[in-house]
Amino acid sequence: MQQRIYWHTTVQMPGVSNLTPIPAKVDVAIIGGGYTGLSAARTLAKHNVKVVVLEAETIGWGASSRNGGMTLTGLKPTMQAVIKTYGRELAKELFQCSLDSVNLVEQIVQAEQIDCGFARYGHLLTANKRKHYDALQAEVDFMAKEFNHNVRLVAPKDLRAEIGSNVYHGGLVDEVSGGLNPAQYVAGLAAATEKAGAELCARARVTKLERRQKRRPEQVEGRFFIQTERGNLEAESVLVATSGYTGAATKQLQKKIIPIGSYIIATEKLPDELAHELSPKNRMIFDYKHFLNYFRLWDNRMIFGGRAAFFPENENTLAQSGEILRREMLGVYPQLKDVKVDYVWGGTLDFAFDQMTHVGEEDGIFYSLGYAGHGVAMATYLGATVAEALLKGNIKEHPFAKFAFPNAPLGLYNGNPWFLPFAGAWHKILDWVE
Ligand SMILES: Cc1cc2nc3c(=O)[nH]c(=O)nc-3n(C[C@H](O)[C@H](O)[C@H](O)COP(=O)(O)OP(=O)(O)OC[C@H]3O[C@@H](n4cnc5c(N)ncnc54)[C@H](O)[C@@H]3O)c2cc1C
(Lines give C-alpha, C1' and ligand atoms only; values in the text may rest on other atoms or scores of the structure.)
Protein backbone atom coordinates (compact mmCIF):
# COMPACT_ATOMS: atom_id res chain seq x y z
CA MET A 1 0.00 0.00 0.00
CA GLN A 2 1.71 3.21 -1.14
CA GLN A 3 1.34 6.31 1.03
CA ARG A 4 0.45 8.52 -1.90
CA ILE A 5 -2.56 10.50 -3.10
CA TYR A 6 -4.05 8.33 -5.81
CA TRP A 7 -5.76 11.29 -7.52
CA HIS A 8 -2.35 12.86 -8.14
CA THR A 9 -1.45 9.94 -10.40
CA THR A 10 -4.35 10.84 -12.69
CA VAL A 11 -3.37 14.43 -13.57
CA GLN A 12 -0.41 16.78 -13.80
CA MET A 13 -0.87 18.89 -10.66
CA PRO A 14 0.36 22.51 -10.73
CA GLY A 15 4.03 22.44 -9.73
CA VAL A 16 6.77 24.84 -8.64
CA SER A 17 8.83 25.26 -11.78
CA ASN A 18 8.72 28.92 -12.85
CA LEU A 19 7.35 30.28 -9.57
CA THR A 20 5.25 33.40 -10.20
CA PRO A 21 6.98 36.36 -8.47
CA ILE A 22 5.08 37.90 -5.56
CA PRO A 23 3.48 41.13 -6.84
CA ALA A 24 4.24 44.28 -4.77
CA LYS A 25 0.63 45.54 -4.64
CA VAL A 26 -2.72 43.97 -5.37
CA ASP A 27 -6.38 44.80 -4.82
CA VAL A 28 -7.13 41.43 -3.21
CA ALA A 29 -4.75 38.86 -1.72
CA ILE A 30 -6.20 35.40 -1.15
CA ILE A 31 -4.53 33.05 1.31
CA GLY A 32 -4.96 29.41 0.26
CA GLY A 33 -4.94 27.84 -3.19
CA GLY A 34 -7.79 25.30 -3.01
CA TYR A 35 -11.35 25.48 -4.40
CA THR A 36 -12.30 28.46 -2.18
CA GLY A 37 -9.28 30.59 -3.04
CA LEU A 38 -9.23 29.69 -6.74
CA SER A 39 -12.95 30.12 -7.26
CA ALA A 40 -12.83 33.52 -5.52
CA ALA A 41 -9.79 34.58 -7.56
CA ARG A 42 -11.41 33.48 -10.82
CA THR A 43 -14.51 35.55 -10.03
CA LEU A 44 -12.48 38.62 -9.03
CA ALA A 45 -10.17 38.42 -12.04
CA LYS A 46 -13.19 38.24 -14.33
CA HIS A 47 -14.20 41.60 -12.80
CA ASN A 48 -10.77 43.02 -13.67
CA VAL A 49 -9.63 43.02 -10.05
CA LYS A 50 -5.88 42.61 -9.50
CA VAL A 51 -5.82 39.45 -7.41
CA VAL A 52 -3.15 37.07 -6.17
CA VAL A 53 -3.51 33.62 -4.61
CA LEU A 54 -0.82 32.93 -2.00
CA GLU A 55 -0.39 29.20 -1.38
CA ALA A 56 2.00 27.77 1.21
CA GLU A 57 2.69 24.57 -0.73
CA THR A 58 1.66 23.95 -4.34
CA ILE A 59 -1.63 25.09 -5.85
CA GLY A 60 -4.36 22.57 -4.94
CA TRP A 61 -2.12 20.86 -2.35
CA GLY A 62 -4.72 20.87 0.49
CA ALA A 63 -8.05 19.09 0.87
CA SER A 64 -9.05 20.13 -2.64
CA SER A 65 -6.90 17.47 -4.32
CA ARG A 66 -7.31 14.82 -1.61
CA ASN A 67 -11.05 14.50 -1.08
CA GLY A 68 -13.61 11.91 -2.15
CA GLY A 69 -14.88 14.04 -5.04
CA MET A 70 -18.47 13.84 -3.80
CA THR A 71 -20.23 16.95 -5.05
CA LEU A 72 -23.13 16.97 -2.67
CA THR A 73 -26.38 18.78 -1.97
CA GLY A 74 -27.21 19.81 1.60
CA LEU A 75 -25.01 20.87 4.49
CA LYS A 76 -23.02 18.94 7.08
CA PRO A 77 -25.79 19.18 9.75
CA THR A 78 -29.15 17.69 8.74
CA MET A 79 -31.65 20.18 7.35
CA GLN A 80 -33.96 19.28 10.27
CA ALA A 81 -31.27 20.53 12.66
CA VAL A 82 -30.66 23.61 10.49
CA ILE A 83 -34.36 24.60 10.54
CA LYS A 84 -34.48 24.11 14.28
CA THR A 85 -31.47 26.31 14.93
CA TYR A 86 -31.79 29.01 12.28
CA GLY A 87 -35.50 29.04 11.39
CA ARG A 88 -37.32 28.12 8.22
CA GLU A 89 -36.50 31.16 6.11
CA LEU A 90 -32.72 31.09 6.55
CA ALA A 91 -32.64 27.28 6.29
CA LYS A 92 -34.31 27.58 2.87
CA GLU A 93 -31.72 30.10 1.72
CA LEU A 94 -28.89 27.89 2.94
CA PHE A 95 -30.28 24.78 1.29
CA GLN A 96 -30.76 26.69 -1.97
CA CYS A 97 -27.07 27.67 -1.80
CA SER A 98 -26.21 23.97 -1.65
CA LEU A 99 -28.24 23.27 -4.82
CA ASP A 100 -26.69 26.30 -6.51
CA SER A 101 -23.24 25.06 -5.50
CA VAL A 102 -23.61 21.79 -7.42
CA ASN A 103 -24.97 23.76 -10.40
CA LEU A 104 -21.98 26.10 -10.23
CA VAL A 105 -19.49 23.23 -10.31
CA GLU A 106 -21.31 21.86 -13.36
CA GLN A 107 -21.25 25.29 -15.06
CA ILE A 108 -17.56 25.87 -14.36
CA VAL A 109 -16.61 22.40 -15.56
CA GLN A 110 -18.53 23.01 -18.80
CA ALA A 111 -17.47 26.61 -19.36
CA GLU A 112 -13.79 25.95 -18.64
CA GLN A 113 -13.84 22.49 -20.26
CA ILE A 114 -12.33 20.83 -17.20
CA ASP A 115 -11.81 17.15 -17.85
CA CYS A 116 -12.61 15.78 -14.38
CA GLY A 117 -15.39 13.27 -15.01
CA PHE A 118 -18.10 15.37 -13.36
CA ALA A 119 -21.53 13.72 -13.62
CA ARG A 120 -24.74 13.73 -11.63
CA TYR A 121 -24.28 10.22 -10.24
CA GLY A 122 -26.52 10.97 -7.26
CA HIS A 123 -25.69 10.13 -3.67
CA LEU A 124 -26.81 7.21 -1.53
CA LEU A 125 -27.05 7.63 2.24
CA THR A 126 -27.15 4.19 3.84
CA ALA A 127 -28.83 3.23 7.13
CA ASN A 128 -26.50 1.34 9.49
CA LYS A 129 -29.41 0.42 11.75
CA ARG A 130 -33.14 -0.11 11.45
CA LYS A 131 -33.79 3.11 13.35
CA HIS A 132 -31.66 5.06 10.85
CA TYR A 133 -33.98 3.77 8.15
CA ASP A 134 -36.98 5.12 10.06
CA ALA A 135 -35.24 8.49 10.24
CA LEU A 136 -34.57 8.40 6.49
CA GLN A 137 -38.24 7.68 5.88
CA ALA A 138 -39.14 10.84 7.81
CA GLU A 139 -36.42 12.75 5.91
CA VAL A 140 -38.06 12.03 2.54
CA ASP A 141 -41.35 13.68 3.59
CA PHE A 142 -39.55 16.49 5.39
CA MET A 143 -37.39 17.45 2.39
CA ALA A 144 -40.39 17.41 0.05
CA LYS A 145 -42.59 19.46 2.39
CA GLU A 146 -40.06 22.02 3.64
CA PHE A 147 -37.67 22.36 0.71
CA ASN A 148 -39.66 21.04 -2.25
CA HIS A 149 -36.70 18.74 -2.83
CA ASN A 150 -37.30 15.16 -3.88
CA VAL A 151 -35.19 12.43 -2.38
CA ARG A 152 -36.09 8.74 -2.63
CA LEU A 153 -36.23 6.08 0.03
CA VAL A 154 -34.69 2.72 -0.87
CA ALA A 155 -36.21 -0.20 1.04
CA PRO A 156 -33.82 -2.90 2.29
CA LYS A 157 -35.20 -5.37 -0.25
CA ASP A 158 -34.38 -2.96 -3.12
CA LEU A 159 -30.93 -2.00 -1.93
CA ARG A 160 -29.11 -4.42 -4.24
CA ALA A 161 -30.00 -2.17 -7.18
CA GLU A 162 -27.92 0.55 -5.45
CA ILE A 163 -25.10 -1.23 -3.65
CA GLY A 164 -23.59 -4.73 -3.63
CA SER A 165 -23.63 -5.09 0.15
CA ASN A 166 -25.88 -6.77 2.68
CA VAL A 167 -24.94 -4.76 5.75
CA TYR A 168 -27.32 -1.83 5.42
CA HIS A 169 -30.95 -1.42 6.44
CA GLY A 170 -32.07 0.60 3.44
CA GLY A 171 -31.03 4.01 2.20
CA LEU A 172 -31.92 7.34 0.68
CA VAL A 173 -31.02 8.56 -2.81
CA ASP A 174 -30.59 12.17 -3.92
CA GLU A 175 -30.18 12.25 -7.69
CA VAL A 176 -29.04 15.90 -7.75
CA SER A 177 -25.60 15.26 -6.24
CA GLY A 178 -22.63 14.63 -8.47
CA GLY A 179 -19.13 13.24 -8.41
CA LEU A 180 -15.79 14.16 -9.95
CA ASN A 181 -12.05 13.58 -9.75
CA PRO A 182 -11.02 16.25 -7.22
CA ALA A 183 -7.41 16.69 -8.35
CA GLN A 184 -8.37 16.97 -12.01
CA TYR A 185 -10.99 19.51 -10.97
CA VAL A 186 -8.66 21.67 -8.86
CA ALA A 187 -5.94 21.55 -11.53
CA GLY A 188 -8.49 22.64 -14.15
CA LEU A 189 -9.88 25.34 -11.88
CA ALA A 190 -6.34 26.66 -11.31
CA ALA A 191 -5.71 26.86 -15.06
CA ALA A 192 -9.04 28.68 -15.55
CA THR A 193 -8.23 31.10 -12.73
CA GLU A 194 -4.88 31.95 -14.25
CA LYS A 195 -6.49 32.35 -17.68
CA ALA A 196 -8.95 34.83 -16.13
CA GLY A 197 -5.98 36.98 -15.08
CA ALA A 198 -5.25 36.03 -11.44
CA GLU A 199 -1.69 35.43 -10.27
CA LEU A 200 -1.10 32.11 -8.52
CA CYS A 201 1.91 32.04 -6.21
CA ALA A 202 2.98 28.64 -4.88
CA ARG A 203 5.51 28.24 -2.03
CA ALA A 204 4.28 31.57 -0.64
CA ARG A 205 3.20 30.76 2.91
CA VAL A 206 1.80 33.84 4.62
CA THR A 207 3.69 34.31 7.87
CA LYS A 208 2.37 37.69 8.94
CA LEU A 209 -0.69 39.74 8.15
CA GLU A 210 -1.29 43.19 9.56
CA ARG A 211 -3.35 46.19 8.77
CA ARG A 212 -1.28 49.33 8.32
CA GLN A 213 -2.41 52.13 10.62
CA LYS A 214 -4.25 55.00 8.99
CA ARG A 215 -1.68 57.79 8.88
CA ARG A 216 -4.19 60.64 8.64
CA PRO A 217 -7.84 60.65 9.77
CA GLU A 218 -9.04 61.52 6.25
CA GLN A 219 -7.53 58.29 4.91
CA VAL A 220 -10.33 55.81 4.29
CA GLU A 221 -8.74 52.41 4.83
CA GLY A 222 -5.43 51.03 6.00
CA ARG A 223 -3.94 48.66 3.45
CA PHE A 224 -2.84 45.20 4.49
CA PHE A 225 0.82 44.38 4.79
CA ILE A 226 1.43 40.71 4.04
CA GLN A 227 4.66 38.86 4.67
CA THR A 228 5.24 35.59 2.82
CA GLU A 229 8.12 33.13 2.80
CA ARG A 230 9.38 34.57 -0.45
CA GLY A 231 8.47 38.24 -0.44
CA ASN A 232 6.09 40.85 0.92
CA LEU A 233 3.15 42.64 -0.60
CA GLU A 234 0.36 45.09 0.08
CA ALA A 235 -3.33 44.52 -0.54
CA GLU A 236 -6.56 46.48 -0.20
CA SER A 237 -8.45 43.38 0.96
CA VAL A 238 -7.62 39.88 2.13
CA LEU A 239 -9.62 36.66 1.86
CA VAL A 240 -8.66 33.73 4.09
CA ALA A 241 -9.32 30.40 2.34
CA THR A 242 -7.13 28.07 4.37
CA SER A 243 -9.73 25.51 5.52
CA GLY A 244 -8.29 22.80 7.84
CA TYR A 245 -4.79 24.24 7.40
CA THR A 246 -5.64 27.62 8.96
CA GLY A 247 -2.61 28.68 11.00
CA ALA A 248 -1.15 31.28 13.30
CA ALA A 249 -0.96 34.03 10.65
CA THR A 250 -4.74 34.36 11.13
CA LYS A 251 -4.87 33.42 14.82
CA GLN A 252 -8.42 34.68 15.50
CA LEU A 253 -9.76 32.38 12.78
CA GLN A 254 -7.49 29.48 13.74
CA LYS A 255 -9.10 29.52 17.19
CA LYS A 256 -12.51 28.90 15.60
CA ILE A 257 -11.49 25.93 13.45
CA ILE A 258 -10.79 22.37 14.55
CA PRO A 259 -8.53 20.50 12.09
CA ILE A 260 -9.64 16.87 11.80
CA GLY A 261 -7.94 14.14 9.78
CA SER A 262 -9.81 12.15 7.16
CA TYR A 263 -8.31 9.26 5.23
CA ILE A 264 -8.93 7.39 2.00
CA ILE A 265 -7.72 4.16 0.42
CA ALA A 266 -7.92 3.22 -3.26
CA THR A 267 -7.94 -0.41 -4.35
CA GLU A 268 -6.34 -1.81 -7.44
CA LYS A 269 -8.51 -1.72 -10.57
CA LEU A 270 -11.40 -4.14 -10.28
CA PRO A 271 -12.86 -6.24 -13.08
CA ASP A 272 -15.88 -4.51 -14.70
CA GLU A 273 -18.32 -7.07 -13.37
CA LEU A 274 -17.17 -6.74 -9.76
CA ALA A 275 -17.11 -2.93 -9.92
CA HIS A 276 -20.66 -2.97 -11.27
CA GLU A 277 -21.78 -5.31 -8.52
CA LEU A 278 -20.35 -3.01 -5.79
CA SER A 279 -22.01 0.14 -7.07
CA PRO A 280 -24.26 -0.46 -10.07
CA LYS A 281 -25.13 3.23 -10.46
CA ASN A 282 -21.79 4.70 -9.52
CA ARG A 283 -23.34 6.54 -6.56
CA MET A 284 -21.49 8.71 -4.06
CA ILE A 285 -22.15 6.58 -0.96
CA PHE A 286 -21.86 7.44 2.73
CA ASP A 287 -23.34 5.94 5.84
CA TYR A 288 -25.38 7.32 8.72
CA LYS A 289 -22.78 6.92 11.49
CA HIS A 290 -21.07 9.74 13.39
CA PHE A 291 -17.76 7.99 12.66
CA LEU A 292 -18.81 7.68 9.07
CA ASN A 293 -17.44 5.94 5.97
CA TYR A 294 -17.78 7.36 2.47
CA PHE A 295 -16.99 5.54 -0.74
CA ARG A 296 -17.41 5.49 -4.49
CA LEU A 297 -15.89 4.04 -7.62
CA TRP A 298 -13.46 5.82 -9.91
CA ASP A 299 -11.93 4.11 -12.92
CA ASN A 300 -12.99 0.74 -11.48
CA ARG A 301 -11.12 1.37 -8.21
CA MET A 302 -13.01 1.43 -4.94
CA ILE A 303 -12.19 4.74 -3.24
CA PHE A 304 -13.05 4.21 0.42
CA GLY A 305 -12.73 6.94 3.04
CA GLY A 306 -13.42 7.57 6.66
CA ARG A 307 -12.32 9.30 9.81
CA ALA A 308 -10.05 6.35 10.63
CA ALA A 309 -7.81 8.50 12.83
CA PHE A 310 -8.97 11.89 14.04
CA PHE A 311 -5.51 13.42 13.87
CA PRO A 312 -4.24 15.07 10.69
CA GLU A 313 -2.02 12.83 8.62
CA ASN A 314 1.51 11.70 9.39
CA GLU A 315 3.35 8.47 8.62
CA ASN A 316 1.85 6.66 11.64
CA THR A 317 -1.73 7.78 11.17
CA LEU A 318 -1.48 6.89 7.47
CA ALA A 319 -0.29 3.32 8.04
CA GLN A 320 -2.84 2.79 10.80
CA SER A 321 -5.66 4.36 8.80
CA GLY A 322 -4.88 2.22 5.76
CA GLU A 323 -5.41 -0.91 7.85
CA ILE A 324 -8.53 0.41 9.60
CA LEU A 325 -10.12 1.48 6.33
CA ARG A 326 -9.35 -1.83 4.66
CA ARG A 327 -11.13 -3.62 7.53
CA GLU A 328 -14.09 -1.22 7.27
CA MET A 329 -14.24 -1.75 3.52
CA LEU A 330 -14.30 -5.55 3.94
CA GLY A 331 -17.09 -5.11 6.49
CA VAL A 332 -19.18 -3.49 3.75
CA TYR A 333 -17.84 -5.48 0.80
CA PRO A 334 -16.51 -8.92 1.88
CA GLN A 335 -16.14 -9.73 -1.83
CA LEU A 336 -13.02 -7.48 -1.86
CA LYS A 337 -11.03 -9.70 0.54
CA ASP A 338 -8.45 -10.71 -2.06
CA VAL A 339 -8.23 -7.31 -3.66
CA LYS A 340 -5.06 -5.28 -3.22
CA VAL A 341 -5.17 -1.79 -1.74
CA ASP A 342 -2.82 0.34 -3.83
CA TYR A 343 -2.92 3.74 -2.09
CA VAL A 344 -3.64 5.40 1.23
CA TRP A 345 -3.60 9.13 1.90
CA GLY A 346 -5.06 11.68 4.23
CA GLY A 347 -6.14 15.28 4.39
CA THR A 348 -7.45 17.74 6.92
CA LEU A 349 -11.05 18.81 7.40
CA ASP A 350 -12.09 22.10 8.98
CA PHE A 351 -14.82 21.94 11.60
CA ALA A 352 -16.33 25.00 13.27
CA PHE A 353 -17.68 24.45 16.78
CA ASP A 354 -21.27 24.44 15.42
CA GLN A 355 -20.32 22.24 12.40
CA MET A 356 -21.61 24.98 10.07
CA THR A 357 -19.75 26.74 7.28
CA HIS A 358 -19.09 30.43 7.95
CA VAL A 359 -18.35 33.38 5.72
CA GLY A 360 -17.88 36.98 6.75
CA GLU A 361 -15.44 39.72 7.54
CA GLU A 362 -13.50 40.33 10.76
CA ASP A 363 -11.20 43.34 11.15
CA GLY A 364 -11.36 43.86 7.40
CA ILE A 365 -10.33 40.27 6.66
CA PHE A 366 -12.81 38.18 4.66
CA TYR A 367 -13.07 34.43 5.22
CA SER A 368 -14.91 31.29 4.13
CA LEU A 369 -14.24 28.36 6.44
CA GLY A 370 -15.75 25.38 8.23
CA TYR A 371 -16.77 23.04 5.40
CA ALA A 372 -16.75 20.02 7.73
CA GLY A 373 -16.04 17.53 4.93
CA HIS A 374 -18.74 18.99 2.71
CA GLY A 375 -16.75 21.41 0.61
CA VAL A 376 -16.28 20.26 -2.98
CA ALA A 377 -19.33 22.13 -4.24
CA MET A 378 -19.68 24.54 -1.33
CA ALA A 379 -16.09 25.85 -1.40
CA THR A 380 -16.42 26.51 -5.12
CA TYR A 381 -19.69 28.36 -4.53
CA LEU A 382 -18.70 30.30 -1.43
CA GLY A 383 -15.39 31.34 -2.99
CA ALA A 384 -17.32 32.85 -5.91
CA THR A 385 -20.12 34.43 -3.87
CA VAL A 386 -17.86 35.84 -1.15
CA ALA A 387 -15.77 37.43 -3.93
CA GLU A 388 -18.95 38.99 -5.34
CA ALA A 389 -19.95 40.24 -1.89
CA LEU A 390 -16.48 41.69 -1.37
CA LEU A 391 -16.90 43.67 -4.59
CA LYS A 392 -20.41 44.85 -3.71
CA GLY A 393 -19.61 45.53 -0.06
CA ASN A 394 -22.59 43.48 1.13
CA ILE A 395 -21.02 40.43 2.82
CA LYS A 396 -23.42 40.77 5.77
CA GLU A 397 -26.30 39.88 3.44
CA HIS A 398 -24.71 36.58 2.43
CA PRO A 399 -26.87 33.70 3.79
CA PHE A 400 -23.80 32.06 5.38
CA ALA A 401 -22.89 35.35 7.13
CA LYS A 402 -26.25 35.68 8.87
CA PHE A 403 -25.34 33.67 11.97
CA ALA A 404 -22.49 33.91 14.46
CA PHE A 405 -19.16 32.11 13.97
CA PRO A 406 -18.74 30.66 17.47
CA ASN A 407 -15.59 30.58 19.55
CA ALA A 408 -14.65 27.51 21.56
CA PRO A 409 -16.82 26.95 24.64
CA LEU A 410 -15.24 28.81 27.60
CA GLY A 411 -12.45 29.91 25.26
CA LEU A 412 -10.74 26.56 25.87
CA TYR A 413 -8.96 26.34 22.53
CA ASN A 414 -6.05 28.18 20.99
CA GLY A 415 -5.83 26.27 17.72
CA ASN A 416 -4.17 23.16 19.14
CA PRO A 417 -6.83 20.42 19.18
CA TRP A 418 -5.86 18.62 22.41
CA PHE A 419 -9.36 17.14 22.69
CA LEU A 420 -9.32 15.14 19.44
CA PRO A 421 -8.76 11.71 21.02
CA PHE A 422 -11.77 12.36 23.26
CA ALA A 423 -13.85 13.59 20.32
CA GLY A 424 -12.97 10.45 18.36
CA ALA A 425 -13.93 8.23 21.27
CA TRP A 426 -17.11 10.27 21.80
CA HIS A 427 -18.25 9.68 18.21
CA LYS A 428 -17.61 5.95 18.58
CA ILE A 429 -19.64 5.92 21.80
CA LEU A 430 -22.50 7.79 20.12
CA ASP A 431 -22.59 5.22 17.30
CA TRP A 432 -22.62 2.40 19.81
CA VAL A 433 -25.29 3.90 22.11
CA GLU A 434 -27.56 4.94 19.28
C1 LIG B 1 -9.85 13.17 2.91
C2 LIG B 1 -10.91 14.18 2.61
C3 LIG B 1 -12.08 13.78 1.96
C4 LIG B 1 -13.08 14.71 1.65
N5 LIG B 1 -14.15 14.31 0.91
C6 LIG B 1 -15.07 15.22 0.52
C7 LIG B 1 -16.12 14.86 -0.36
O8 LIG B 1 -16.17 13.73 -0.87
N9 LIG B 1 -17.05 15.79 -0.67
C10 LIG B 1 -16.99 17.06 -0.18
O11 LIG B 1 -17.88 17.87 -0.46
N12 LIG B 1 -15.96 17.45 0.60
C13 LIG B 1 -14.99 16.58 0.94
N14 LIG B 1 -13.92 16.99 1.68
C15 LIG B 1 -13.82 18.41 2.05
C16 LIG B 1 -13.31 19.27 0.89
O17 LIG B 1 -12.21 18.65 0.27
C18 LIG B 1 -12.90 20.64 1.44
O19 LIG B 1 -13.97 21.20 2.15
C20 LIG B 1 -12.49 21.63 0.35
O21 LIG B 1 -11.51 21.08 -0.49
C22 LIG B 1 -11.97 22.91 1.01
O23 LIG B 1 -11.37 23.73 0.03
P24 LIG B 1 -10.53 24.98 0.46
O25 LIG B 1 -10.06 25.64 -0.77
O26 LIG B 1 -11.34 25.81 1.40
O27 LIG B 1 -9.32 24.40 1.32
P28 LIG B 1 -8.03 23.53 0.90
O29 LIG B 1 -8.19 22.85 -0.39
O30 LIG B 1 -7.67 22.70 2.08
O31 LIG B 1 -6.92 24.63 0.69
C32 LIG B 1 -6.40 25.40 1.75
C33 LIG B 1 -4.98 25.77 1.39
O34 LIG B 1 -4.52 26.80 2.25
C35 LIG B 1 -3.12 26.69 2.30
N36 LIG B 1 -2.61 27.47 3.43
C37 LIG B 1 -2.82 27.26 4.76
N38 LIG B 1 -2.18 28.21 5.49
C39 LIG B 1 -1.56 29.03 4.60
C40 LIG B 1 -0.74 30.19 4.75
N41 LIG B 1 -0.42 30.69 5.94
N42 LIG B 1 -0.26 30.80 3.63
C43 LIG B 1 -0.58 30.31 2.40
N44 LIG B 1 -1.35 29.21 2.21
C45 LIG B 1 -1.84 28.58 3.30
C46 LIG B 1 -2.88 25.19 2.44
O47 LIG B 1 -1.59 24.82 2.06
C48 LIG B 1 -3.98 24.63 1.53
O49 LIG B 1 -3.49 24.24 0.27
C50 LIG B 1 -12.93 16.07 2.02
C51 LIG B 1 -11.76 16.48 2.67
C52 LIG B 1 -10.76 15.55 2.95
C53 LIG B 1 -9.51 16.02 3.64
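# A chat about a predicted chain and its ligand shell

Guide: The chain holds 10 helices and 19 strands, and the model is a predicted one. Its radius of gyration is 21 Å, close to the 22 Å that the globule rule gives for 434 residues, so the chain is as compact as a globular protein of that length.

Visitor: What box do the C-alpha atoms fill, and what share of the residues counts as buried?
Guide: Taken along the principal axes, the C-alpha atoms fill a box of roughly 75 × 50 × 45 Å, and 49% of the 434 residues count as buried.

Visitor: And what share of the contacts joins residues at least 24 apart?
Guide: If one takes the contacts between residues at least 6 apart in sequence, 74% of them join residues at least 24 apart.

Visitor: Let's go to the ligand. How many residues surround it, and which are the closest?
Guide: The ligand is surrounded by 43 residues, and the closest are G34, G62, G68, G347 and G375.

Visitor: Which elements each supply at least two residues of that shell?
Guide: Two helices, α1 (35-46) and α9 (376-392), and two strands, β13 (257-267) and β17 (341-352), each supply at least two residues of the shell.

Visitor: How do the shell residues divide into nonpolar, polar and charged?
Guide: There are 18 nonpolar residues, 21 polar ones and four charged ones in the shell around the ligand.

Visitor: Now α5. What do its buried residues pack against?
Guide: They pack against α1, α3, β9 (199-201) and α9, and α1 and α9 are also among the elements that supply residues of the ligand shell.

Visitor: How many residues of α5 are buried?
Guide: The count is 11 of 15, so α5 is largely enclosed by the rest of the structure. The buried residues include the run P182, A183, Q184, Y185, V186, A187, G188, L189 and A190, and A192 and T193 are buried as well.

Visitor: What span should that helix have at 1.5 Å a residue?
Guide: The 15 residues of α5 (residues 182-196) should span 21 Å, and the end C-alpha atoms are 21 Å apart, which agrees. The helix is followed by G197, whose phi is positive, near 120°.

Visitor: What about α4, which of its residues are buried?
Guide: In α4 the residues H132, Y133, L136, M143 and F147 are buried. An α-helix has 3.6 residues a turn, so residues three or four places apart point the same way. The cover over the buried residues of α4 includes the helices α2 (79-86) and α3 (88-111) and the strands β5 (123-126), β6 (152-154) and β7 (171-174).

Visitor: How far does α4 reach, and what follows it?
Guide: Helix α4 (residues 130-147) has 18 residues and reaches 25 Å from first C-alpha to last, close to the 26 Å expected. After α4 comes N148, with a positive phi near 55°.

Visitor: You mentioned β5. Which strands does it pair with?
Guide: β5 is joined to β7 by four bridges in an antiparallel arrangement, with T126 having G171 as its bridge partner in β7. β5 also pairs in the parallel sense with β14 (residues 284-287) over four bridges, where the partner of H123 is M284.

Visitor: Are the faces of β5 covered or open?
Guide: Both faces are covered, since H123 and L125 on one side are buried and so are L124 and T126 on the other.

Visitor: What is the strand order in the sheet that holds β5?
Guide: The order is β1-β17-β13-β16-β15-β14-β5-β7-β6, an open sheet of nine strands with mixed pairing. β1 (2-3) and β6 stand at the edges, each with a single partner strand, so one side of each is left without a neighbour in the sheet. Within the sheet, β15 (residues 293-298) and β16 (residues 301-306) pair in the antiparallel sense over six bridges, and the bridge partner of R296 in β16 is I303.

Visitor: Changing topic, how many residues of β19 are buried?
Guide: Four of the five residues of β19 (residues 365-369) are buried, and the strand is mostly covered. Five bridges join β18 (residues 358-362) to β19 in an antiparallel arrangement, and the two form a hairpin with two residues between them, where D363 in the turn has a positive phi of about 50°. On another side of the pairing, β12 (residues 231-240) runs parallel to β19 over three bridges.

Visitor: Where is E234, and what does it touch?
Guide: E234 is in strand β12, and leaving out residues up to four places away in sequence, it touches A24, K25, R223, F224 and F225. E234 is partly exposed, with 14 other C-beta atoms within 10 Å.

Conventions:
Residues are numbered from 1 along each chain as its sequence is written. This is a predicted model: local features need pLDDT of at least 70, side-chain atom pairs count only at pLDDT 80 or more; totals for chains, interfaces and linings use all residues. A residue is near a molecule or strand if its C-beta atom, placed from the backbone, lies within 6 Å of it. Ala, Val, Leu, Ile, Met, Phe, Trp, Tyr, Cys and Pro count as nonpolar, Asp, Glu, Lys and Arg as charged, and the others, Gly among them, as polar. The expected span of a helix is 1.5 Å times one less than its number of residues. A residue is buried if 20 or more other C-beta atoms lie within 10 Å of its own, exposed if 12 or fewer, and partly exposed in between; C-beta atoms are placed from the backbone. Two residues are in contact if their C-beta atoms, placed from the backbone, lie within 7 Å. The radius of gyration is taken over C-alpha atoms; the globule rule is 2.2 Å times the number of residues to the power 0.38. Two strands pair if DSSP finds at least two bridges between them.
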